[in-house]
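Student: I am new to this structure. Could you take me through its sheet and its cores?

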Amino acid sequence: MSSVRCLAYSRLLCHLSTSPRVHTSVSSHGIQRRPFSRSSRCRTIMPAWVIDKYGSNDVLRFTRNAAFPIINYPNEVIVKVFAAGLNPLDVGMRGGYGAATMSMKRDPLNMKQSGSEFPLILGRDVSGVIMECGLDVKYFRERDEVWAAIPPWKQGSLAEFVVLSANEVSHKPKSLSHTEAAAIPYVATTAWSALVNTGGLSKDNCASKRILILGGSGGVGTFAIQMLKAWGAHVTVTCSQNAERFVRELGADHVVDYTAGPVEEPLSELDKFDLILDNVGGDTERWALSLLKPWSGSKYVTLVTPFLQNTDSLGVADGMMQTAATVATKALKHLVKGVHYRWGFFAPSGPALDEIRDMVDAGQIRAVVDETFSFSQVPQAFDKVEKGHARGKTVVEISKGGEDL
């Protein structure tokens with residue numbers, strides 16, 4: 001054997017000894033390549049931050065023995081996590097917010113014991129690389145760089161690996177690092193669901209629209225500003241004075257400082273709006289709907305709803321009945337005044353992220369990262385999110401992209 005061939009052979013052996021093994025399985029769907037480790041330990045456990053009960057920040061626990069995710073359905077993929085984004089929802093879920101609804105979603109037949117969700121992994125945003133695909137997955141291959149918003153009833157992204165449905169995943173924007181990409185999916189799909197699915201907006205009908213965003217400096221607000229401006233809308237934003245320059249740089253046309261006094265007074269002096277996106281809640285419903293154009297199809301969409309609180313306090317069945325009665329009453333009350341009252345909810349969507357990826361790579365939307373933490377600093381990252389008043393997203397770097405592959 002020549003010296004060149006010997007060198008190549010030795011390098012191959014070295015690569016196989018330090019890299020995940022790959023085996024090939026054949027099915028009716030064709031040939032499927034799947035990575036697996038020779039070590040059974042690597043296949044069954046992984047590092048993660050978990051909670052074993054609901055509570056404050058002291059319930060967060062780091063473990064190297066979290067259960068490795070398993071593909072249970074042929075349309076699922078396993079993603080190696082490079083970066084995870086945190087949201088206020090994660091802080092709420094840590095304290096038990098929405099526990100009743102999430103338990104019903106995880107176990108609709110109520111066959112498991114109470115507390116079966118533990119140990120629970122939080123984290124709704126993920127950017128990483130696909131490591132394994134189910135047999136029915138056609139749109140993705142191993143080692144594709146992807147991003148996704150993880151539904152709150154699934155195990156989250158504060159772990160080395162996570163399993164997701166392929167229709168929840170999208171190819172990551174090429175122009176973003178994994179850290180930047182992890183700042184977008186959850187707020188993007190939430191804003192998309194509220195503005196597009198519920199509000200009826202699109203890139204084809206926004207050019208003449210006047211939009212008001214109540215609470216524009218947080219994660220959903222900063223994304224919504226950029227998306228609406230890319231579609232040609234006129235965007236007015238409420239925020240604190242020290243965030244005015246920040247939201248103007250994102251494209252806001254008009255900014256109202258809510259710390260200067262009752263915010264409804266300066267807003268009432270402006271032209272009426274076609275749509276209001278409410279990220280604030282509270283007593284805004286008392287005055288906000290009067291700012292809409294009456295009898296013109298205008299909509300008020302709020303992301304602050306009592307749905308999860310109702311199911312937590314009343315139980316799933318009674319909570320859903322109470323929620324339905326509340327939204328129906330409010331919708332009818334405002335419909336007779338010529339405006340539409342709607343609730344907006346997060347909805348995971350790979351196809352929506354596909355469109356958002358194209359906007360990111362076209363330079364129309366940029367990632368807004370407020371602060372980055374290492375994997376060992378997850379409790380500090382939760383503290384940061386819990387304090388509020390963020391200028392964008394808090395991101396946890398789980399591993400360095402490429403080094404662990």
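**Sheet and cores**

Tutor: Strand β14 (residues 299-302) and β15 pair in the parallel sense over four bridges. Strands are DSSP runs of E of at least two residues, helices runs of H or I of at least four, numbered from the N terminus; two strands pair if DSSP finds at least two bridges between them. This is a predicted model, where local features need pLDDT of at least 70, side-chain atom pairs count only at pLDDT 80 or more, and totals for chains, interfaces and linings use all residues. Residues are numbered from 1 along each chain as its sequence is written, and side-chain values use heavy atoms, leaving out hydrogens and water.

Student: Which residue in β15 is the bridge partner of Val301?

Tutor: β14 and β15 run parallel where they pair. Val301 has its bridge partner in β15, and that partner is Arg342.

Student: Which strands stand at the edges of the sheet?

Tutor: The open sheet has six strands, paired in parallel, in the order β12-β11-β10-β13-β14-β15. An edge strand has a single partner, so one side of it is left without a neighbour in the sheet. The strands at the edges are β12 (254-257) and β15 (340-343).

Student: Which element gives the most to the largest nonpolar core?

Tutor: A nonpolar core is a set of buried (under 20% relative accessible area, 1.4 Å probe, protein chains only) Ala, Val, Leu, Ile, Met, Phe, Trp, Tyr and Cys residues joined through side-chain atoms within 4.5 Å. The largest one has 52 residues, and Phe382 is among those that touch the most other members. Elements that each supply at least two residues include β5 (76-86) and α14 (378-387). With seven residues, the one that gives the most is β5.

How values were computed: Buried < 20%, exposed > 50% of the residue type's maximum accessible area, 1.4 Å probe, protein only.
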